[in-house]
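Grab a pencil and work through these short exercises with the model open beside you. Each one sets a task and then solves it step by step.

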Amino acid sequence: MTDDRSLERAARSWLEEGPTRAPDRPVEAALRAIESTSQERVLRIPWRLPRMNPITRVAGAALIAVIAVGVVFLAVRPSSGVGGPSPQPTATPSVTVPASARPIVEPTDAVLVPATQLPDPSGAALPSDLIGRTYRVNPAEILNNRQLVLTLRGADDAHCTAMFGGRSTCFTVLWDPVKVLGSTTDPAARGSARMVGGNLVISMDLVPSDLPCVGNVATYAIDDAGATLRGIDPPACTFPGFVELP
Amino acid sequence: MDQTLVAQARQGDREAFAVLVHQVSDSLYAVAFRILRDSGRAEDALQNALVLAWRRIPRLRDPERFEAWIHRILVHACYDESRRARQWTASVRVVSVGGHSTPDGTHAVADRDELERAFRRLSVDQRAVFVLHHYLGLPLVEVAELLEIPAGTARSRLHYAIAGLRDALTADAEPIAHGGRLA
């Protein structure tokens, strides 16, 4: 009688016996959290361009191929030529984290050490009056009574030392209090924090829980004597802005 | 499901999303409870899934697939809850203490406690397929689509879930069958 069909029938009947209504507590808690949680932005990139004629299509494919070849060439060529000038730092603080440096540990407030040294970011170090200041993400992101907090850190801070060997100021965006292991949503991020053209520029260099975000760079205008950081067209995976915590 | 509400929620309308939440939360909780077999963890999974769904709903391409999409988020929240629970829960070998009167397992199948124990021994992804198929009544092809796994994988997980249940029930029954000694 323990054939599969009778077993499935018995199991199905047993499954029917559990609760069928959701308790109010988790639903209300979720709705409360949603009140202060922003949605993820989506880059709307069409899969194909409408009414593209064959010549344009071939030209587009050729252009992509040329770019791909160029990228491959740059990637495989020796890092320095004989007698040639050493490469100059690029203007953008964007960096690419080597694959080996990616997921290291479950993101917490732990200091993350990339497997290979991150390149020096461009721009200037943060001024001393910004270092040590903490901000909440604006609009606030709150989940299970934890909120995302930006901290601007000096070059000698343990996080900055781990990433840049003490050569750059940096930032962390972490859950406060520290997130519980296993949480499904953790945009905890770390990277360089620099001044470029009078604005704060942060680069998402280590984002263990959301690898597609690595390399995103966001610029913030510094308003109200540093109490408000206002995003200047921040890309997806970064944050719209920050408000200083009391 | 009102697709207008889904479209409004995608545009950031919290009230529209709240209406959707009230429409689907019973089903989501019922599924979470049956996968996790624990009301507290099911509540946590539901709460996390709802918040994550709010954050991610702009990514939902097809509003008609809202229910399947949010159930997928819930199942993944259950995976996370289960993983977290494993870090804190010691593996316990549950020992049967009676209730078997026949060696063929007929009685065992009817015994809800035995089913509970046997079900808990399945992996959480086997449980998910089993619950979606046998509780929600989704065909295996739809289960596979919902979980974004190949149909063959869904079929295999269901097969191993049933085999696992059968083996667990048989294992519980065996000591009695061979002289009534408890394992």
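**Exercise 1. Work out where B:Arg121 sits and whether it is buried or exposed.**

Step 1: count neighbours. B:Arg121 has 15 C-beta neighbours inside 10 Å, so it counts as partly exposed. The scale runs like this: 20 or more other C-beta atoms within 10 Å makes a residue buried, 12 or fewer makes it exposed, and in between is partly exposed, with C-beta atoms placed from the backbone.

Before going on, some housekeeping: residues are numbered from 1 along each chain as its sequence is written, while chains are lettered from A and ligands numbered from 1 in the order in which they are written. This is a predicted model, where local features need pLDDT of at least 70, side-chain atom pairs count only at pLDDT 80 or more, and totals for chains, interfaces and linings use all residues.

Step 2: place it. B:Arg121 lies in the chain B loop between α6 (112–120) and α7 (124–134). Helices (H or I, at least four residues) and strands (E, at least two) are DSSP runs, numbered from the N terminus.

Step 3: find its partners. Leaving out residues up to four places away in sequence, B:Arg121 touches B:Gly164 and B:Ala168; a contact means C-beta atoms, placed from the backbone, within 7 Å. B:Gly164 is 43 residues away along the chain, yet the two C-alpha atoms are 7.7 Å apart.

**Exercise 2. Do the same for B:Glu64: is it buried or exposed?**

Step 1: B:Glu64 has 12 other C-beta atoms within 10 Å, so it is exposed.

Step 2: its home is another chain B loop, the one between α3 (39–56) and α4 (66–88).

Step 3: measure across the sequence. B:Val6 is 58 residues from B:Glu64, and their C-alpha atoms are 8.5 Å apart.

**Exercise 3. Decide which parts of chain B have the lowest and highest mean pLDDT among its elements.**

Step 1: get the overall level. Chain B averages a pLDDT (the predictor's confidence in each residue, from 0 to 100) of 81, and 79% of the residues score at least 70.

Step 2: compare elements. Helix α2 (residues 14–36) of chain B has the highest mean, 95, and helix α5 (residues 106–110) of chain B the lowest, 48.

Step 3: look for weak stretches. Residues 87–109 of chain B stay under 50, with 34 contacts beyond four places in sequence in the model. Residues 176–183 of chain B are also below 50, with nine contacts beyond near neighbours in sequence.

Technical notes
Two residues are in contact if their C-beta atoms, placed from the backbone, lie within 7 Å.
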